[in-house]
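Here is a short briefing to read alongside the model. Take a moment to look at it before going through the points below.

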Amino acid sequence: MGNLKDLTALSLSDNLLTGPIPSSLGKLTMLKRLILGRCQLSGSIPTKEMGNFTSLQEFDVSDNNLYGNLPNEICNGRSLETFIVFNNHFQGPIPTSLRNCTSLTRARLEGNQLTGHISQAFGVYPNLIYIDASNNNLYGELSPNWGKFTDLIMLGLSSNKITGSIPPEIGQLTRLSVLEISSNSLVGEIPKELEMLSSLFSLNLSGNHLSHIAPSQLGRLSNLETLDLSSNRLSGLVPQQIGSLSRLSFLKLSHSNFGGSIPSNQPSNLQFLDLSHNFLTGEIPPQLGSLQWLEELNISHNKLCGSIPSSVASKEILVSLDLSYNQLEGPLPNGIAIERASPEAFQNNRGLCGDSKGLHPCDSFSAGHGPTRKIVIMVVVMVFVIGLVGILCLPRHTEKFTKREADETSSGEVVVISVLNHNGSDLYSAIIRATEDFGSKYCIGEGGYGKVYKAELLTGQVLAIKKLYSFEEGDAAAAAQEAFRNEIQMLTEIRHRNIVRLHGFCFHMLHKFLIYEFIERGSLARFLRNNEGAVELDWVKRVKVIKGVAHALSYMHHDCIPPIVHRDISTNNILINWNFEACVSDFGTARVLKPDSSNWTTLAGTYGCIAPELAYTRRVTEKCDIFSFGVVALEVMIGRHPNKLICSLSTSRGRNMLLKDVLDQRLPPPEDDVANEVILTMIFAMACVQDQPQFRPTMWRVLEELSSCMHPFSVSLNTLTLSQLMSLRSLGLDSAHGGKINGLLEELMNNTDVTCIGDQNEPKPELSGCQHKGNKQLKTRYCPSRCK
């Protein structure tokens with residue numbers, strides 16, 4: 001390849017290339033574009049030879065396994081515009097030639113181990129529009145020179161070791177859309193000058209040591225959609241002016257020192273509100289129940305008092321609620337939001353009572369007073385803590401647990417640990433009565449280790465009971481016991497609205513079973529396997545179900561520390577509730593990914609959904625779940641198991657199939673906005689089922705893109721082929737935003753030339769576009785708020 005002396009562009013991205021970058025590329029002195037991103041390249045870059053690229057304009061080696069230093073003379077020709085090296089293992093300083101590279105417009109350095117002083121590493125770039133150096137080891141203080149990058153749209157410096165204060169000059173970046181400098185060691189005040197960032201729609205300053213009060217001027221950022229100031233040392237009141245931010249959908253001010261009451265005027269489009277772990281006082285404003293789009297509310301660990309407003313309790317769209325560790329009083333109100341919430345959402349509140357959620361009945365609770373009441377409360381708390389410790393310690397002390405089980409069950413004694421408002425033995429008896437000792441007419445499902453029964457108690461509460469088979473001694477018995485313990489461990493340590501809730505478990509001489517919430521509509525597989533259910537599960541509901549599964553897996557992979565891998569994602573293990581929300585179940589084979597372990601394991605999962613690499617490596621990673629998710633998403637879209645479809649994609653005949661002919665024919669073709677979501681879902685589903693795990697997107701990225709708004713696609717679903725969707729899989733790995741995909745789809749349909757001026761992995765689409773010949777640019781808008 002080094003003999004191609006006149007070559008000006010070389011793009012080999014998204015292939016299975018391995019080994020180092022050959023030094024012979026240094027002979028291509030006319031090269032303007034070198035694109036080697038998203039392969040399996042390893043080794044160090046031939047830094048000396050890179051100095052020969054005096055005409056280089058674009059350099060991309062992102063998402064590989066490269067290490068060592070970056071080429072120091074990469075911008076010797078003073079023509080470099082795009083420098084993309086993110087998600088590798090590069091060490092050492094930022095290239096010195098980059099400091100004086102005034103032609104630079106886009107730099108992505110995040111996800112490496114680069115070092116150096118932040119002010120000395122970068123110069124002044126008059127044309128720079130995008131820079132992200134997050135997740136490195138840069139240190140020092142931010143220079144006022146950052147205020148001179150007047151065209152800058154994205155500034156990302158999160159997760160470094162930056163100290164000092166935020167320079168007020170940042171306020172001069174009037175075109176800035178995203179400012180992310182979280183997880184550093186910044187101190188001082190939040191500059192009031194940030195009010196001049198009129199284009200800002202995402203501001204993340206969390207995880208620093210910022211102090212003083214939050215400036216009221218933040219209320220002038222009229223385009224702001226995401227605001228995260230959590231985990232700082234801010235004090236004073238929550239600024240009332242934030243309530244005027246009509247576009248704000250995400251507000252997180254947790255783990256600070258805010259005091260006073262919760263402002264009654266909150267942004268009208270708010271979807272997520274987290275004010276937990278502060279010193280807020282007063283009552284919960286009833287106006288929170290009037291927020292039309294509010295889905296998640298966390299105001300736990302404060303000093304709030306009074307009763308729970310009925311407007312909050314009855315809010316149907318509210319799917320996540322946490323009011324724990326306050327001083328709330330009075331009866332627990334009725335309402336769908338209360339019913340959905342777990343008992344933990346109300347614990348440690350003074351005087352809160354009710355007939356559910358593990359609370360004391362209001363009559364007996366209010367009758368108690370003085371020392372007697374305190375003693376009762378102490379006993380209840382001690383019993384609850386002992387039970388909870390028993391659950392959490394159970395999987396970690398297998399030998400002790402096994403001995404305890406043998407001793408107790410040999411005498412026929414019931415062993416139940418429950419978080420329901422029941423005595424253990426009473427609950428056992430109630431379940432036996434409700435199922436007529438596990439009669440067959442109450443059986444609603446069957447799995448590898450047991451059957452599932454529906455138990456409707458006399459109180460009206462409905463539970464799902466998974467009763468284990470009585471295996472003889474041997475491998476099957478050992479596997480069943482391990483799955484039993486594993487499910488208890490996993491489901492007592494995680495809580496999410498899209499994960500089924502474990503209420504308790506039982507050991508008995510005759511029975512061993514797990515107690516779950518009852519999910520009304522049964523499994524996703526049941527819907528897809530009969531025509532009536534398939535028609536009821538229309539396109540809107542199908543997309544909603546897929547997003548719900550993505551929420552659950554993103555939580556397990558990215559919010560749990562260490563991450564949890566389910567290992568058996570299938571339509572049989574996804575349950576559908578009354579509102580057609582997905583709930584992931586069956587954690588018997590789930591595994592915690594330990595950072596100090598190779599995570600090798602035995603093969604587990606449902607045939608047809610198991611990631612192909614497990615056939616020969618047996619090393620479980622998050623990418624295994626992502627493959628299974630892709631299979632499930634395809635199955636939901638086409639109405640049958642996608643094994644034949646996936647195999648056909650390797651043939652020209654399969655790739656040329658029309659999307660409309662692949663979709664479930666039992667439903668009418670999707671139209672308008674729904675068609676857009678179906679197309680986007682199919683793009684990501686096919687990205688998830690790629691054979692090579694490193695080419696699959698992360699679950700966080702899938703969720704982010706499926707949840708964001710987009711422009712309508714300008715192509716017809718009737719003429720779109722699978723080949724054209726497959727061409728967008730790699731783009732879907734990190735930035736499958738509607739606008740960029742829309743433009744590329746249009747080009748694929750028209751077979752015209754297009755040159756992308758933005759790299760393929762940017763987190764916000766407005767920061768890049770595809771420039772057609774003739775300088776016509778496709779613009780997109782990032783819209784994390786609810787599509788209306």
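**Cysteines and a parallel sheet**

The torsion about the S-S bond of Cys75 and Cys101 is about 70°, so this disulfide is right-handed. Cys75 sits in the loop between strand 6 (65–68) and strand 7 (82–84), and Cys101 in the loop between helix 2 (96–99) and strand 9 (106–108), so the bond ties together parts that are 26 residues apart in sequence. Please keep in mind that this is a predicted model. The structure holds two disulfides, and the points below take them one by one before turning to two other cysteines and a sheet.

**The Cys75–Cys101 disulfide**

- The sulfur atoms of Cys75 and Cys101 are joined at an S to S distance of 2.0 Å.
- Cys75 has a relative accessibility of 1%, so it counts as buried, the cut-off for buried being under 20%.
- Its partner Cys101 is buried too, with a relative accessible area of 0%.

**The Cys353–Cys362 disulfide**

- Cys353 and Cys362 form a disulfide, with 2.2 Å between their sulfur atoms.
- This link of Cys353 and Cys362 is right-handed, with 95° about the S-S bond.
- Are the two ends of this link, Cys353 and Cys362, buried or partly exposed? Cys353 counts as buried because its relative accessibility is 6%, whereas Cys362, at 25%, counts as partly exposed.

**Two other cysteines**

- Cys443 has a relative accessibility of 28%, so it counts as partly exposed.
- Cys506 is buried, and its relative accessible area is 0%.

**The seven-stranded sheet**

- Seven strands make up an open sheet with parallel pairing, in the order 2-4-6-8-10-12-14.
- Strand 2 (18–19) and strand 14 (161–163) stand at the edges with a single partner strand each, so one side of each has no neighbour in the sheet.
- Strand 4 (residues 40–44) runs parallel to strand 6, and three bridges join the two.
- If you would like a spot to look at in the viewer, find Ser42, which stands opposite Asn65 in strand 6.
- Strand 6 links two of these topics: strand 6 is part of the sheet order, and the loop that holds Cys75 lies between strand 6 and strand 7.

Technical notes
Residues numbered from 1 in each chain as written. Predicted model: local features only at pLDDT ≥ 70, side-chain atom pairs only at ≥ 80, totals over all residues. Heavy atoms only, no water. Disulfide = S-S within 2.5 Å. Helix = DSSP H or I, 4+ residues; strand = E, 2+ residues; numbered from the N terminus. Buried < 20%, exposed > 50% of the residue type's maximum accessible area, 1.4 Å probe, protein only. Pairing = 2+ DSSP bridges.
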